[in-house]
Amino acid sequence: MTRAARVIAAPAAALAALLLLAGCGGSSGATVSVPKVAPARVFTLSGFQPAGQIVPGRPTTVSFTVALPSGKPLTSYKTGSGPHTGVHLIIVRDDLAYIIHKHPPIGPDGLLKQTVTFPAPGRYRVLVDVYPNISGGQPNFQLFKTLDVSGHYRPQPLPPFKADQVVDGYHIDVQGHPTLHAVQAAFVNVDVTDPEGRRVTFVPWFGALAHAIFFHAGSLDYFHTHVCGANAPNCTSVLGATRVTGRATAPGKLTLGVLLPVSGTWRLFLQLKLGGRVVTAPFTLNVGA
């Protein structure tokens, strides 16, 4: 299941209660003894590379391990036929003009290594979407890094919503203008045709017929959902008690299940494997409260 959620890096409720207790009282000069709270034990990225200059247009190796709270590397990841396995390495420029989406192989020592090419200068958010195989542990979480790619960078404003995108000759056409609201399940219908106007046959890529990756403009909040084949598992999006599932009902027709956590402007990167290569169609969407 895909969950629209953020990773909490500290016992926030307990800490807030302690801070509230410490802040209460009058001006009598009395002191309150507050117990010390040990730092939260969390997953982290260890040995992250590259650490030096990154040049646009030049292949760059990104490597890291996911460290367990104990400090040891995570070596066991979920496997299977669906998309919720291993690691999704997603890199997006902070103006949402470019996205890189890879699935790095996992070494026996937990080392993940992937060659990527940054298309242009700028600041990039690196998001590591992790599906660990830990009994009784978190089913999924995200870790983050920021990378600066050398060269002059002028952030570009997001273009307005445009329903019909043409990418490598393929027409990826959102039907109508989606009406979306935060924390409300909705569906977005998409028609896909090839350069000759024929409806395409969807084929799996990393366990899904379509990957729908959303980033919130400015905050870079993240949501990732999928459209899967008939028997593929783990393609339902979950937010609290609300669930929604996308589907592909016929050649060239997709229905995306959308469940975004906050209002504002979002950028959807819809990714499909067409003609033997991955095609990315970007859409700007406004989400109401």
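**Notes on a strand-rich chain**

1. Let's start with one pair of residues: serine 46 has threonine 65, in strand 3, as its bridge partner. Keep in mind that this is a predicted model. The two strands involved, strand 2 and strand 3 (residues 59-67), run antiparallel to each other and share four bridges.

2. Now zoom out a bit. Strands 2, 3 and 6 make an open sheet, in the order 2-3-6, with antiparallel pairing. Strand 2 (44-49) and strand 6 (112-117) are the edges; each has a single partner strand, so one side of each has no neighbour in the sheet. From one strand to the next, the twist averages 30 degrees.

3. What does the chain hold in the way of helices and strands? You'll find one helix and 20 strands. Of the contacts between residues at least 6 apart in sequence, 62% link residues at least 24 apart.

4. On to the inside. The largest nonpolar core has 35 residues, and the ones touching the most other members are Ile172, Val190, Val192, Phe214, Leu256 and Leu270. Several strands give at least two residues each to this core, among them strand 10 (170-174), strand 12 (186-193) and strand 19 (264-274). There is also another core, apart from this one, with 25 residues, including Phe43, Val62, Val130 and Leu147.

5. Have a look at leucine 256 too. Beyond its neighbours within four places in sequence, its contacts include Ala186, Phe187, Val190, Val227 and Leu270.

6. Last, the overall tally: 43% of the 289 residues count as buried. The accessible surface is about 14400 Å², and carbon and sulfur atoms account for 54% of that.

Notes
Residues are numbered from 1 along each chain as its sequence is written. This is a predicted model: local features need pLDDT of at least 70, side-chain atom pairs count only at pLDDT 80 or more; totals for chains, interfaces and linings use all residues. Side-chain values use heavy atoms; hydrogens and water are left out. A nonpolar core is a set of buried Ala, Val, Leu, Ile, Met, Phe, Trp, Tyr and Cys residues joined through side-chain atoms within 4.5 Å. Buried means under 20% relative accessible area, exposed over 50%, partly exposed in between (1.4 Å probe, protein chains only). Contact means heavy atoms within 4.5 Å. Two strands pair if DSSP finds at least two bridges between them. Axes are lines fitted to C-alpha atoms, for helices over the stretch in contact, and angles run from 0 to 180 degrees between N-to-C directions. Accessible areas come from the Shrake-Rupley method with a 1.4 Å probe; for residues, only the protein chains shown count as cover.
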